[in-house]
Amino acid sequence: MSLKEFSNLKYNTGFGGEFASEDPRCPESLPKGQNNPQICPYGLYAEQLSGSAFTAPRSYNVRTWFYRIRPAVCHKPFSRIDQGNMSNDFSSTVPDPAQTRWKPFDFPKKGEEIDFVNGLATICGAGDPKSRHGIAIHVYSCNISMTNKAFYNSDGDFLIVPQEGSLYIKTEMGKIVVNPNEICVIPMGIRFNVSVSGNTRGYILEVFDAHFELPSLGPIGANGLANPRDFEYPTACYEDLDINGYKVISKYQGAFFEALQDHSPFDVVAWHGNYAPYKYDLSKFMVINSVAFDHADPSIFTVLTCQSVKPGVAIADFVIFPPRWGVADHTFRPPYYHRNCMSEFMGLILGKYEAKEGGFLPGGASLHSMMTPHGPDSECFNKASTEDLKPVRVADGTMSFMFESSLSMAITDWGAKICEKVDDEYYKCWQGIEKKFNPNWRDDFSSQK
Ligand SMILES: O=C(O)Cc1cc(O)ccc1O
Ligand SMILES: [Fe+2]
């Protein structure tokens, strides 16, 4: 498949915008003044995709109107297909609170041809899609494009974090290219196709409860962190492709189903609405941090959040650790030692992570489960507690991230065993932490004066 069709893309901008988009090949294809004209322009069909209950309050109400060559319902019956290593079943796993680290997940082996959907594998998660409460964390690893195949998730939204290789994504609303150090969100129900060029790998946070939103800024004010104008949405771009055996795959209640149809599902000529996929370049994040003393909690780095019904408590936050200045005085600057009532899954897109310079590698991951202690390794502690506290660049040339969840996650069989990436030596990074306690510290200190 040629990737040329992904060059010079135009995007709509503005988080949560109410967009109206027409493929330039069909001017005035959007009906004027109404959603359901008796006959739509160009002989198109009108179809609504609802991303919220019809009755959701206005600030949560999301839907899009498509004007398309055929309605999405024109397909043969669904049949269940193999779902490889992807799972939404977190009830039959053995609990394990251990600090867990994964070495970089493999690319497809030599001679293997794996597309985005076949290359999905689930590491951990909680809850279940039937009760619409929970999350799942997946990785994808692939080397070929999806041909005559589209995928949609009936269970929740995907936040996709490419680590290696760009994703060339066709969606019903248009095309988006997502490079490493950018992310995209494909909300529930939206069909998409992923093309790649060579080895491609990344992480996915799936949420069942709600859609992602920007965090409130509180006293930060009206601007900062991820600014709404930097979120980019596709513009209408249809393909009129009649072809037998086009596969539309639905993940429904955690299982995969395939329906065949005789045309491309990317046949939307025009659309309007506020329910659409989007991308965001992480280098545009406006970092706020301590400029006096102490280490601020990492919630200051929240890009997007999926909120629970408990005030301020996230089903999952997407947090990044971007390049920035470290200037705090008389402060242990790296992350503190801690135990958290949230689960922390981390991944590394590029470079190193400051609290652990060895062992945590790009394309790998870690999970520090609820209340499981963690923090800097001994090397990091020794370095940061003796270093000269000049202003320094932190995390230059790196990008790590955290999926932080209020849910207690279970690791799948694939994550625990089948992937063969669990680093059994991880615990050792804290074994060198020395006892430094000196009961005579005050005497020694005053005699030094
Ligand atoms: O555990 C981690 O490395 C993530 C993290 C970073 C930080 O700066 C403070 C708390 C925290 O959990
Ligand atoms: Fe942590």
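1. Let's start with a pair of facing residues: glutamine 48 has tryptophan 65, in strand E4, as its bridge partner. Keep in mind that you are looking at a predicted model. The two strands involved here are E3 (residues 45-50) and E4, which pair in the antiparallel sense over six bridges.

2. Stay with E4 for a moment. This strand covers residues 63-68 and is mostly covered, with five of its six residues buried. E4 also has a partner in strand E19 (residues 268-273): five bridges join them, and the two run antiparallel. If you want a landmark for that pairing, find arginine 68, whose bridge partner in E19 is valine 268.

3. A quick word on background, as the next points are about sheets. Strands of a sheet pair through backbone hydrogen bonds, and they can do so in a parallel or an antiparallel way.

4. Now trace the six-stranded sheet. It is open, its pairing is antiparallel, and its strands come in the order E6-E25-E24-E27-E22-E21. Which strands sit at the edges? They are E6 (100-102) and E21 (302-307), each of which pairs on one side only. On average, neighbouring strands in this sheet are turned by 15 degrees against each other, ignoring direction.

5. Look at the E6 edge next. Three bridges join E6 to strand E25 (residues 365-368), and these two run antiparallel. Here arginine 101 stands opposite serine 366 of E25.

6. At the other edge, E21 and E22 pair in the antiparallel sense over five bridges. Threonine 302 has valine 319 in E22 as its bridge partner. The two strands form a hairpin with six residues between them, and glycine 312 in the turn has a positive phi of about 75 degrees.

7. Is strand E22 (residues 314-321) largely enclosed or open to the outside? Eight of its eight residues are buried, so E22 is largely enclosed by the rest of the structure. Besides E21, E22 pairs with strand E27 (residues 399-405), again in the antiparallel sense and over five bridges. Phenylalanine 321 and serine 400 in E27 are bridge partners there.

8. Time for the metal. Which protein donors does the iron ion (ligand 2) have? They are His338 (NE2), Glu344 (OE), Glu344 (OE) and His374 (NE2), and they lie 1.9 to 2.6 Å from the ion. Along the chain, the donors follow the spacing H-x5-E-x29-H. The pair of histidines links distant parts of the chain: histidine 338 is in the loop between strand E23 (324-326) and strand E24 (343-350), histidine 374 is in the loop between E25 and helix H1 (378-386), and they are 36 residues apart.

9. Why is the arrangement around the iron ion (ligand 2) irregular? The six donor atoms subtend angles of 55 to 162 degrees, which makes the arrangement irregular. To count as octahedral, six donors would need opposite ones over 155 degrees apart and all others between 65 and 115. The 55 degrees at the bottom of the range fits neither requirement, so the label is irregular.

10. Now zoom in on histidine 374. This residue is found in the loop between E25 and H1. Its relative accessible area is 6%, so histidine 374 is buried; the cut-off for that word is under 20%. Histidine 338 is buried too. Leaving aside neighbours within four places in sequence, histidine 374 is in contact with Tyr336, Tyr337, His338, Glu344, His368 and Trp430.

11. What does the database record say? An unreviewed UniProt entry lists Tyr353 and His374 under "binding site". These two are spread over 22 residues of sequence, yet they cluster in space, with a largest C-alpha distance of 14.1 Å.

12. As for tyrosine 353, look in the loop between E24 and E25. Its relative accessible area is 7%, so tyrosine 353 is buried. Not counting residues up to four places away in sequence, tyrosine 353 touches Phe321, Pro335, Met346, Leu348, Phe360 and Ser400. You have met Phe321 and Ser400 already, as the bridge partners in point 7.

13. One more sheet to find before you finish. Nine strands form an open sheet with antiparallel pairing, in the order E1-E16-E20-E13-E10-E15-E8-E7-E28. Its edge strands are E1 (12-13) and E28 (410-411), and each pairs on one side only. Two bridges join E1 to strand E16 (residues 231-233), and the two run antiparallel. The bridge partner of threonine 13 is glutamate 232 in E16.

Notes: Residues are numbered from 1 along each chain as its sequence is written. Chains are lettered from A and ligands numbered from 1 in the order in which they are written. This is a predicted model: local features need pLDDT of at least 70, side-chain atom pairs count only at pLDDT 80 or more; totals for chains, interfaces and linings use all residues. Side-chain values use heavy atoms; hydrogens and water are left out. Two strands pair if DSSP finds at least two bridges between them. Helices (H or I, at least four residues) and strands (E, at least two) are DSSP runs, numbered from the N terminus. Axes are lines fitted to C-alpha atoms, for helices over the stretch in contact, and angles run from 0 to 180 degrees between N-to-C directions. Donors are N, O and S atoms within 2.8 Å of the metal (3.2 Å for Na, K and Ca); water is not among the atoms, so sites may look incomplete. Four donors count as tetrahedral if all angles lie between 85 and 135 degrees; four count as square planar and six as octahedral if opposite donors are over 155 degrees apart and all others between 65 and 115; anything else is irregular. Buried means under 20% relative accessible area, exposed over 50%, partly exposed in between (1.4 Å probe, protein chains only). UniProt positions are given in the numbering used here, feature names are shortened, and annotations may be inferred rather than shown by experiment. Contact means heavy atoms within 4.5 Å.
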